[in-house]
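Colleague: Please take me through this entry before I turn to the details. I should like the terms explained as they arise.

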Amino acid sequence: MVEVVLWASLRRLADDRESVEVDAETVKDVLKGLVEQYPALRPHLLDRGVSVSVDGQMVTSGWNEKISANSEVVLLQRIKGG
Amino acid sequence: MALDDAFEAREFKVVGTRPIRPDGIDKVTGRARFGADASASGMLHGAILRSPHPHARITSIDTSRAESHPSVKAIVTRDDFAKELSGEDWNVLENVMAGERVLYDGHAVAAIAATSVLAAKEALALIDVVYDPLPFVTDVDEAMRPDAPVVREGVADESVPEGMNPNVVRYHENGHGDVDIGFAKADLVIEKTFKTEAAHQGYIEPHACLAQLGADGNGELWCCTQGHFVAARICARLLGIDASQLRVTASEIGGGFGGKTTVFIEPVALALSRKSNRPVKIVMSREEVFRATGPTSSASMDVKIGMRKDGRITAAEGEFRLQGGAFPNAPMEFAAMAAFAPYDLEHVRSKGWDVLCNRPKQAAYRAPGSPMGAFAVESVIDELCNKLGLDPIEVRIQNGSKEGSRAAFGPRFKRIGLIETLEAARAHPHYRAPLKPGQGRGLSCGFWFNHSGETSVTLSLSYDGTVSLAVGTPDIGGSRASMCQMAAEELGIPFDRVRTTIADTGSLGYNDVSHGSRVTYASGLATIKAARDTIQKCCARAAEEWGIDPEAVVWEDGCAKPSGHNAGDFEPMSLAEIAANMGDTGGPISGHFEATPTGAGVSFATHIVDAEVDRETGAAKVTRYTVVQDAGKAIHPSYVEGQFQGGAVQGIGWALNEEYVYGDDGRLQNAGFLDYRIPVASDLPFIDTVIVEVPNPGHPYGVRGVGETSICPPLAAIANAVSNAAGVRMTHLPMSPPRLLKAMQEAGIG
């Protein structure tokens, strides 16, 4: 199981939990697992998209990026730039 | 992150040198072809009719008089674009061509293609539009009030609490700890409200394009853009055609800074071309650029910070309200996430609000959101240092984020270089130089995330041993030079043996936009990997020639060599020799790389600014400026310094003069460079630069993006310098002479 940290305003859609445990080996598993547990997260996570920090590394599009059980996984608003 | 993407220390031969830029001669001789330089046989000229109202219902559009004009060949309105779009596609289309309502002064309503520019503009007056004006709002704070005119209903997403004005469309919050506990531990707490006005990227080249689209959906587009692959994708959706049927070529670009990451005129030119069956060219006027492209958001912010007498920050809290025009996605989350990133805080909370106003749809502008957030946070830190009698650099070093610090936005940082920039700033002569009477000094840190994105590169050998490198990220900051350097470094050949070309969308795999400071990182990584792929193929050719195992061949100094005595005794085979025989030894040799890399390293900067204030007129002038920034590894140091200086200069403009001014009628009052004043050379001191190199662990050479971080500290650093010079805290940017004079008068100074 991987502990996934949600940003504060996302927690309202996940029973006010700061983090959620999901069974995940990849970033895709993380997002899928979160939406399965909390369907209200779907618009943010799957429709509009997010970035995922895995051990301090920003993953914006690499859904197959591997995650280990002791990885630090933090959801972030989707990173863009100018 | 794949292991072979990881940073590995090495000695460089080409990387880190300063070769002459490969696009320089074309640009200084006029040979470079920018957006407006394209033409085609039978070409028509497009012009766009724009709303004079900030908000109005379109009752009717009658094009019959314009259609009878002898030079007019096509007229398009919203009916000529795709139907049934949703989400951001709908937002982009609605911005490109209004539907039922116009939402800002300058909003496109209809467009004409005619045989000359003059005829097209003349015929615009023959389109009869009946408007029903509606109430409007252009200020972010006013737009949030319960009784404010509603820009658009039903835009808010699920993050917005119930009961707010429909203009509030997104909410974000991040942070950790308990700020109340933290504030209770502080010896001094300062809370202030700040505002920044909308600024334009100010690129010198207006948007321009040439489009050709047949009724069969097969088309070509030439345009100045930061991302032609994305332009193709968006245009195809807006026109209802297949993306692969539209080949897009990026012209040379005269500046973008984020403002050319989307489309404005391109879908209009394509629609006109489809209707007229002729190529159509559109070139925006400067007035159109101001009124109808995407400036940055304006912002209203509250920041509260608590500090102990010894300089330790005990808690920090911020609320960032950004308007992004009449459409969602003002970068309020980045303001909230980036504002406190330079500091390792136990208790921190940031909130962001995305607000609609009757203004043009904001577009990205270098590190969107971060400069405004930094202005508010770094101003309060400066005030705390002043009041507690603390050295601003020492306080920042004491509180600064480092490897392992938990960022205010969540993750723990990997290896970062903030402290190194602060130490370099402290050691710089500027920091200890005496100030003249009436001058003030300001300091600020800044942070940006940096981005990666989809990236494809192809590297091909020519028979003469020269190398052609095709990348898909338009060169907005010297990337052709840095790509040539990285390819040359890997291949072991001179810089001038490589030519980098920006390939069109039909010639290379998909590439994300040149944004997010991603190009030197992501296209550079792809170039290195494509070069290594090429080397592997070259080694295989040499192995076959020598009759040895490919694993027994190494690549050194531009040559394939046997890996040792046991591998055999053969003369090294150069890249040129292998290329000369490639047709007979297996065919053409090309290396490829396609990926979405994930190792973009974040970046920090520290700026020092001296300023002086004319107490009679309120005019502020920057007298000395030093930029210190972590580049990870500077591939071409001159370009890196140029990025540092460019960010500082744009920051000076934003801090001192640049501002979208709206009148009581909701119309933009200063849509031109005479009234919207960007800095010119005579306004500026020499911008000194210091490149700090703390390698990004996610890039083979340690590269971090540098294009955006340089605009994060200037607003705050300049505001701190001006405030310290004027003797009054400036909380509203730009600090134009009337605003600064008023602040001094209200404070009884001057």
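Colleague: In chain A, what share of the contacts with a separation of 6 or more comes from residues 24 or more positions apart?

Modeller: This is a predicted model, in which local features need pLDDT of at least 70 and side-chain atom pairs count only at pLDDT 80 or more, while totals for chains, interfaces and linings use all residues. Residues are numbered from 1 along each chain as its sequence is written, chains are lettered from A and ligands numbered from 1 in the order in which they are written. Two residues are in contact if their C-beta atoms, placed from the backbone, lie within 7 Å. In chain A, the share of such contacts from residues 24 or more positions apart is 49%.

Colleague: What is the radius of gyration of chain A?

Modeller: Chain A has 2 helices and 5 strands (DSSP runs, H or I of at least four residues and E of at least two, numbered from the N terminus), in the order β-β-α-α-β-β-β. The globule rule (2.2 Å times the number of residues to the power 0.38, with the radius taken over C-alpha atoms) gives 12 Å for 82 residues. The value for chain A is close to this, so the chain is as compact as a globular protein of that length, with a radius of gyration of 11 Å.

Colleague: Within what arc do the buried residues of helix α13(B) fall?

Modeller: A residue is buried if 20 or more other C-beta atoms, placed from the backbone, lie within 10 Å of its own. In α13(B), residues 418-427, this holds for Leu418(B), Ile419(B), Thr421(B), Leu422(B) and Ala425(B). They line one face of the helix, because the directions from the helix axis to their C-beta atoms fall within an arc of 160°.

Colleague: Which helix gives the largest share of the largest nonpolar core?

Modeller: A nonpolar core is a set of buried Ala, Val, Leu, Ile, Met, Phe, Trp, Tyr and Cys residues joined through C-beta atoms within 7 Å. The largest has 266 residues, and those touching the most other members include Val30(A) and Val722(B). Its largest share, 13 residues, comes from residues 519-546 of chain B, helix α16.

Colleague: How far apart are the C-alpha centres of domain 1 and domain 2 of chain B?

Modeller: An automatic or database assignment sets the bounds, giving domain 1 (3-32 + 452-595) and domain 2 (37-413), among others. Contacts join 14 residues of domain 1 of chain B to 17 residues of domain 2 of chain B. The C-alpha centres of these two domains are separated by 37 Å.

Definitions and conventions. A residue is buried if 20 or more other C-beta atoms lie within 10 Å of its own, exposed if 12 or fewer, and partly exposed in between; C-beta atoms are placed from the backbone.
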